[in-house]
Amino acid sequence: EIYFSQQPALVGKTFGEALLAFEDSTVIGLALGGSSVRLNPPMDTLIGSQDQVVAISEDDDTVCLSGKTSWPIDQAAIRMGQSQPAKPERTLILGWNWRAPAIMRELDNYVAPGSEVLVVTDRVERQEELTACCPNLHNQVLRFQRSETTNRQVLDDLQIETYQHVIILAYSDDLSPQKADARTLVTLLHLREMSKKSGHTFSIVSEMMDVRNRNLADVAHADDYIVSEKLVSLMMAQISENKYLNLVFQDLFDPEGSEIYLKHASEYVVTGQPVSFYTVVEAARQRGEVAIGYRVAADHEDASRAYGVVVNPDKSAPVTFDAHDRVIVLAES
């Protein structure tokens with residue numbers, strides 16, 4: 001989880017130096033004087049006597065300095081390649097509820113210019129509402145289609161293989177949770193079968209109103225995600241333990257500042273040979289980013305390995321990346 005910890009030994013040190021000061025905790029930001037939180041501040045930010053580090057760790061008592069003064073960083077393995085320029089994306093939204101306009105406005109902050117979003121729903125009266133709520137989209141073109149989202153022929157005609165992302169919204173405005181979830185499940189099962197048959201992979205984010213129905217739609221891999229009210233409950237439980245976590249979540253979800261990205265490992269370190277995660281942290285630090293983990297593409301369907309996602313790894317442990325693996329970073333873009 002995310003914890004706050006005051007570390008007197010880091011007073012006068014920079015945020016960049018703090019990134020290497022922990023073996024099995026990952027510093028992601030600073031709580032400045034207990035009044036504000038900055039995730040991934042400038043690397044030369046000095047840590048004051050009233051400041052706390054914000055870190056990912058197994059428990060609050062595991063946020064401990066390693067005491068190391070040298071680290072197994074392979075400078076020769078660091079690569080400073082430029083990130084791939086963002087390309088226009090196509091997003092498909094199936095279904096409808098009151099959250100749809102907010103999702104599209106937020107999505108517009110992250111996609112590249114020239115992107116496109118298509119909303120498909122059988123609620124034809126929502127087209128005017130959608131247009132009125134999203135009049136100033138800058139990076140994506142909004143299209144609307146009235147169709148039955150549980151109809152397999154409709155889904156086939158949409159040419160799913162031309163989309164990178166699919167969002168399934170529950171019809172929760174006018175259906176009971178069980179009926180809304182039933183429609184979501186039907187649509188989700190169609191999409192999974194279509195993806196398997198065509199060989200085209202795309203991220204699927206589905207909304208479930210009743211968390212008990214989540215078990216009926218077990219995820220196939222990490223790109224197939226079920227959002228339910230349980231996520232909100234988990235956040236509320238954490239914030240109840242530490243109100244300052246709300247500032248962390250606000251910073252993460254705000255389009256301004258740093259967000260979490262998965263970037264090609266080859267942009268940070270050489271692939272095909274073992275390197276310590278300290279080396280990855282240093283490579284990200286030189287780019288003004290915070291490395292918090294990685295994703296092994298070969299394990300993307302293995303639930304026992306968290307679908308290849310490793311957060312807060314032991315920094316001394318060697319890891320060998322291939323061309324398809326990603327580094328998880330906090331970055332401006």
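This is a short tour of one sheet and several salt bridges in a predicted model.

**Stop 1: the sheet**

Start by showing the strands as a cartoon and colouring β5 to β10. You should find an open sheet of six strands, ordered β7-β6-β5-β8-β9-β10, with parallel pairing. Look next at the two ends of that order: β7 and β10 (224-227) are the edge strands, and each of them pairs on one side only. If you turn the view to look across the strands, the twist averages 15 degrees from one strand to the next.

Now zoom in on the β10 edge. Select residues 203-207, which make up strand β9; this strand and β10 pair in the parallel sense over four bridges. Which residue in β10 is the bridge partner of Glu207? Pick Val227 and you have it.

**Stop 2: from β6 to β7**

Move along to the other edge and show the side chains of Glu116 and Arg143. They meet in a salt bridge, with N to O at 2.6 Å. Glu116 belongs to strand β6 (residues 115-121) and Arg143 to strand β7 (residues 140-146), so this contact ties together parts that lie 27 residues apart in sequence. Is Glu116 buried or exposed? Its relative accessibility is 19%, and Glu116 counts as buried because the cut-off is under 20%. Arg143, with a relative accessible area of 34%, is partly exposed.

**Stop 3: a salt-bridge network**

Next, select Asp122 and Arg183. These two form a salt bridge whose closest N and O atoms are 3.1 Å apart. The link spans distant parts of the chain: Arg183 sits in helix α5 (residues 177-198), while Asp122 is in the loop between β6 and α3 (126-133), 61 residues away. Both ends are buried, Arg183 with a relative accessible area of 18% and Asp122 at 19% relative accessibility.

Keep that pair on screen and add Arg123, Glu148 and Asp174. Together with Asp122 and Arg183, they are linked in a network of salt bridges.

**Stop 4: Asp302 and Arg305**

For a last close-up, go to Asp302 and Arg305, where the side chains meet in a salt bridge at 3.8 Å, N to O. Colour by accessibility here if your viewer allows: Asp302 is partly exposed, with a relative accessible area of 27%, whereas Arg305 is exposed at 52%.

If you would like to keep exploring, a search of the whole structure finds 15 salt bridges, and the pairs Glu116 with Arg143 and Asp302 with Arg305 are among those you have now visited.

Key. Residues are numbered from 1 along each chain as its sequence is written. This is a predicted model: local features need pLDDT of at least 70, side-chain atom pairs count only at pLDDT 80 or more; totals for chains, interfaces and linings use all residues. Side-chain values use heavy atoms; hydrogens and water are left out. A salt bridge is a side-chain nitrogen of Lys or Arg within 4 Å of a carboxyl oxygen of Asp or Glu. Buried means under 20% relative accessible area, exposed over 50%, partly exposed in between (1.4 Å probe, protein chains only). Two strands pair if DSSP finds at least two bridges between them. Axes are lines fitted to C-alpha atoms, for helices over the stretch in contact, and angles run from 0 to 180 degrees between N-to-C directions.
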